[in-house]
Amino acid sequence: MNHFQYIDGVLNAEQVELSVLAEKVGTPFYCYSSATLKRHYSVFADSFPRGSLVAYSVKANGNLGVLRTLARLGAGADVVSGGELRKALKAGVPGTKIVFSGVGKTRAEMKLALEAGIHQFNVESEPELEALSEVAQSLNREAPVTIRVNPDVDAKTHAKITTGTSETKFGIPWSRARAAYALAGKLKGIQVVGIDVHIGSQIVDLEPFETAFRKVVELAYVLRADGHAISRLDLGGGLGVPYITNNEPPPDPQAYGAMATRVTKDLGVQLILEPGRLIAANAGILVSRVLYVKQGEAKTFAIIDAAMNDLIRPALYDSHHEIVRVNEPGLNTPRRKYDVVGPICETSDIFAADREMPELKSGDLVAILSAGAYGAVMSSAYNARPPAAEVLVKGDLWSVVKPRLEDDAVFGSERIPDWLQG
Ligand code: LLP
C-alpha cells in the first residue's frame with residue numbers, strides 16, 4: 001500500500017499535489033512519502049520476533065531524509081561503504097544497529113566501522129578476515145563477525161541481481177565455510193557472532209529463501225559443535241515488491257517473516273534482516289514533464305525530461321515501472337501506445353516500450369511509479385545532466401531533501417591540465 005493517490009483529479013503524495021511541487025521544484029524530481037516508508041517498515045518489522053534487528057539496506061535509497069525517517073522508527077542500517085556508514089550515523093542510526101556488508105571493505109572503512117562500534121561485519125572472504133583482524137588489533141578492539149556463506153541456491157530472479165549461486169562473487173563457498181570459521185576462531189581481534197546469507201534481490205518466491213535458510217540453520221548446528229558462538233543469523237534482504245506487472249506477485253512480508261521465524265526458531269538466535277527495496281521502492285516516484293510527442297514511422301515517442309541518468313533500472317534490468325499522468329485522465333480520454341523515452345542519446349534511454357496509456361501532450365506531467373529504491377542512488381550525470389532533485393513529503397509538509405545541482409556543481413570540479421591551457 002502506498003500514499004500516492006488522486007485527489008480532485010490530481011495525483012498527490014500524501015496531502016501534497018504533485019503539480020504544485022512540479023511548479024515549485026521543477027522537473028524531473030523524485031518524491032518520497034514518509035507515511036509509505038513508515039507503513040512498509042512497520043509491516044516488515046512487525047513480522048519478526050521481538051529482538052530482531054531490521055537493518056534497512058541503505059543502498060536502496062540513502063537520502064538523509066529517508067534515513068532519518070526510518071531511524072526515528074527504530075530501523076538499523078545495512079551499509080556497504082564508508083560513505084553509507086557515515087550517512088547512517090548522521091541520520092541518527094546508532095552504531096549498535098549497523099551491519100557492514102560487501103566484498104571489498106577497505107582497511108580505512110573497517111577502522112571507521114570499528115570506531116563507530118557497529119553491530120557486526122558481514123565478512124565475505126578469508127583475506128578480508130585477516131585484514132579485519134589486523135585493523136581490529138591495531139585499534140585494540142574486537143570485531144563482531146558473521147561470515148557470509150554462499151548457499152548455492154538459485155533465487156530465480158534477474159541474473160544481474162542474483163547473488164547466492166556459486167557463479168557469483170558473493171560469500172564464502174559452502175564447501176569452505178567450516179574452514180573459514182576455524183580461521184576466524186583463531187584470529188585475534190575477531191569475535192565470531194553468527195552467520196550471514198543473502199541470495200539476491202526482487203525475489204518473488206519464498207522457496208529459494210527457505211532452502212537457503214534451512215541450509216544455514218544446519219550449518220549453525222555444525223559450527224556450534226565446532227565450538228563457535230553462533231548467536232545471530234543475518235538473513236539478508238531480497239524480498240520482492242509488486243512492480244505492477246502481469247508477473248507473479250511477491251509474497252507478503254508476514255508470510256516471509258513467519259517462514260523465517262519457523263525455520264530458525266529452535267536455534268534461539270537474534271534474526272537480522274536487511275530489506276531495502278521492500279521499504280523504499282513503492283514509497284517513491286519520479287515526476288517528469290513531457291517535452292515532445294514525436295510521431296515516428298513505426299511508433300509514437302513521448303519524450304520526457306527525465307532520462308536514464310535519473311532512473312537506470314529499465315535500461316539496466318529491463319524493469320517495468322508503471323507510468324501515470326499527474327492530472328487524472330478522464331473516462332473519455334483516448335488511449336494510445338507510446339515509447340516513453342528520455343533525452344539521452346542512447347536507444348536504451350527508455351522507460352516503457354509500446355505502453356498503452358491515456359493520451360499524452362507536450363507539457364503533461366507524468367509519474368514513474370515504484371522508483372523509490374535503486375532510483376536516485378543509481379543516478380549519474382551522464383550527458384552532463386544534473387540528476388533529478390529529491391523531495392520528501394509528510395502529510396501536508398514537503399521539503400527538498402536533495403536539490404538539483406547547478407551545472408557548475410556537476411562538472412565544475414573538472415580541470416583542464418596545464419599542458420592544454422591557453
Ligand atoms: N543485503 C545485501 C547484502 C544486498 O546485497 C542487498 C542488495 C540487500 C541487502 C538489499 O536487497 P533488497 O531488499 O533491496 O532486495 N540495483 C538493483 C538491485 C541491487 C541489489 C543489490 N543488493 C535493482 O535496481 O534492482
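**A pocket, a ligand and a small cavity**

Okay, let's start in the middle. The largest pocket takes lining residues from both domain 1 (4-31 + 281-411) and domain 2 (102-273), so it lies between the two. Before I go on, please keep in mind that what you see is a predicted model.

So, how much space lies in the largest pocket? About 660 Å³. The lining is made up of 34 residues, and the ones closest to the pocket's centre are Lys 59, Thr 163, Phe 170, His 198 and Tyr 374. If you want to find the pocket by its helices, look for H10 (277-280) and H11 (313-317), since each of them supplies at least two lining residues. And what is the lining like by class? You get 12 nonpolar residues, 12 polar ones and 10 charged ones.

Now to the ligand. Here we have 18 residues around the ligand, and the closest are Ser 201, Glu 274, Arg 313, Tyr 317 and Tyr 374. You've heard one of those names already: Tyr 374 was also on the list of residues closest to the centre of the pocket.

Let me go through three contacts by distance. With Ser 201, a polar side-chain atom sits 2.4 Å from an oxygen of the ligand. With Glu 274, a polar side-chain atom is 2.6 Å away from a ligand nitrogen. And for Tyr 317, an N or O atom of the side chain is 2.7 Å from a nitrogen of the ligand. How much of the ligand does the protein bury? On its own the ligand would expose 580 Å², and the protein buries 92% of that.

Let's leave the ligand and turn to enclosed space. Rolling a probe the size of a water molecule over the atoms shows where empty space is left. How many cavities of 30 Å³ or more turn up in the whole structure? Just one, and its volume is about 40 Å³.

Which residues line this cavity? Going along the chain, they are Tyr 56, Val 58, Leu 67, Leu 70, Ala 71, Ala 75, Gly 76, Ala 77, Ala 88 and Val 93. Helix H3 (64-72) and strand E6 (76-79) each give at least two of them, and H3 has the largest share, with three residues. By class, nine of the cavity's lining residues are nonpolar, one is polar and none is charged. Put that beside the pocket, where 10 of the lining residues are charged.

Last stop, a few spots in the backbone. Go to Pro 28, in the loop between helix H1 (18-25) and strand E4 (29-33). Is the peptide bond from Thr 27 to Pro 28 cis or trans? It's cis, with omega near -5°.

Then there are two residues other than glycine with a positive phi. Lys 156 has phi near 55°, and you'll find Lys 156 in the loop between strand E9 (143-150) and strand E10 (172-173). For Gln 202, phi is near 50°, and this residue is in the loop that runs between strand E11 (190-196) and helix H8 (206-225).

That's my tour, thanks for listening.

Conventions. Residues numbered from 1 in each chain as written. Predicted model: local features only at pLDDT ≥ 70, side-chain atom pairs only at ≥ 80, totals over all residues. Heavy atoms only, no water. 1 Å grid on protein atoms, 1.4 Å probe; cavity = no way out; pocket = protein on both sides within 12 Å on 5 of 7 lines; lining within 4 Å. Points joined across faces, edges and corners; volume = space filled by probe spheres on them. Helix = DSSP H or I, 4+ residues; strand = E, 2+ residues; numbered from the N terminus. Nonpolar A, V, L, I, M, F, W, Y, C, P; charged D, E, K, R; others polar. Domains from an automatic or database assignment. Near = heavy atom within 4 Å. Polar contact = N/O pair within 3.5 Å; in protein donor to acceptor, adjacent residues only side chain to side chain. Areas by Shrake-Rupley, 256 points an atom, 1.4 Å probe, with all protein chains shown as cover.
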